[in-house]
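Student: I would like a close look at one part of this protein. Could you take me through one helix and what surrounds it?

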Amino acid sequence: MELSTEYNVNQAIGVIDPLIKLRNFTCMGNEISGQHAKLTKADFQNQVEIIRSEFQELVGGVETENNLEILDGAVDLLVTTLGMIRKLKEAGFNVDRAMEK
């Protein structure tokens with residue numbers, strides 16, 4: 001069954017809007033905590049460890065079929081990855097261009 005363009009756009013908006021809100025919330029939290037400006041190698045390594053931990057939580061939820069852990073792990077993985085992207089942008093990486101590819 002082929003979906004109409006209108007349906008696809010509406011579906012995309014339904015997914016994108018919560019992602020934009022999550023991004024804004026994450027950016028605000030990083031600004032308040034100052035995490036976005038912590039740009040040493042150790043800071044990046046720490047962010048990677050946080051991302052790894054959230055990924056393992058997601059994997060664990062899938063393996064044990066724990067829907068709450070799956071959902072929590074997936075959202076936390078997004079939040080921590082957005083935090084890394086914010087750090088990269090603050091460090092001078094052209095994040096916007098990279099995301100267009």
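Tutor: Here is a walk along helix α3 and its partners, after a brief overview.

Keep in mind that this is a predicted model. The mean pLDDT of the protein is 85. Of its residues, 85% reach 70 or more. Confidence is not even: it is lowest in α1, at a mean of 71, and highest in α2, at 96. The protein has 4 helices and 0 strands. From the N terminus on, the order is α-α-α-α. The protein has 101 residues, and 18% of them count as buried. Among contacts with a separation of 6 or more, 64% join residues 24 or more positions apart.

Now to the helix itself. Helix α3 covers residues 67-90. Start at Ala74, which is found in α3. Is Ala74 buried or partly exposed? Ala74 counts as partly exposed, because its relative accessibility is 31% and buried means under 20%. Look across from Ala74 to Glu57. These two are 17 residues apart along the chain, yet their C-alpha atoms are separated by 8.5 Å.

Next comes Leu77. Leaving out residues up to four places away in sequence, Leu77 touches Ile51, Glu54, Phe55 and Leu58. Leu77 also belongs to the largest nonpolar core, along with Phe44, Ile51, Leu58 and Met84. That core has 5 residues in all. Both α2 (41-63) and α3 supply at least two residues each. The largest share, 3 residues, comes from α2.

Move on to Thr80, also in helix α3. Its relative accessibility is 10%, so Thr80 counts as buried. What does Thr80 touch? Its contacts are Gln47, Ile50, Ile51 and Glu54, again not counting residues up to four places away in sequence. Compare that with Leu77: Ile51 and Glu54 appear in both sets of contacts.

Further along sits Arg86. The structure holds 4 salt bridges, and one of them pairs Arg86 with Glu31. The closest N and O atoms are 2.1 Å apart. This pair links distant parts of the chain: Arg86 lies in helix α3, Glu31 lies in helix α1, and 55 residues separate them. The two ends differ in cover. Arg86 is buried, because its relative accessible area is 16%. Glu31 is partly exposed, with a relative accessible area of 40%. A network of salt bridges links Glu31, Arg86 and Glu90.

Lys89 has a charged partner too. Its side chain meets that of Asp96 in a salt bridge, 3.4 Å from N to O. Lys89 is partly exposed at 42% relative accessible area. Asp96 is partly exposed as well, at 44% relative accessibility.

For contrast, take a salt bridge within helix α2. Arg52 and Glu49 meet there, 2.5 Å from N to O. They are 3 residues apart in the helix, so about one helical turn separates them.

Finally, step over to helix α1 (residues 5-33), where Met28 is found. Together with Phe25 and Ile32, Met28 forms a nonpolar patch on the surface. The patch has about 380 Å² of accessible area. Met28 is partly exposed, with a relative accessible area of 47%.

To recap α3: Leu77 sits in the largest nonpolar core, Thr80 is buried, and Arg86 forms a salt bridge with Glu31.

Notes. Residues are numbered from 1 along each chain as its sequence is written. This is a predicted model: local features need pLDDT of at least 70, side-chain atom pairs count only at pLDDT 80 or more; totals for chains, interfaces and linings use all residues. Side-chain values use heavy atoms; hydrogens and water are left out. Patches are made of residues with over 30% relative accessible area and no salt bridge: like charges are joined within 9 Å, nonpolar side chains (Val, Leu, Ile, Met, Phe, Trp, Tyr) within 5 Å. Accessible areas come from the Shrake-Rupley method with a 1.4 Å probe; for residues, only the protein chains shown count as cover. Buried means under 20% relative accessible area, exposed over 50%, partly exposed in between (1.4 Å probe, protein chains only). A nonpolar core is a set of buried Ala, Val, Leu, Ile, Met, Phe, Trp, Tyr and Cys residues joined through side-chain atoms within 4.5 Å. Contact means heavy atoms within 4.5 Å. pLDDT is the predictor's confidence in each residue, from 0 to 100.
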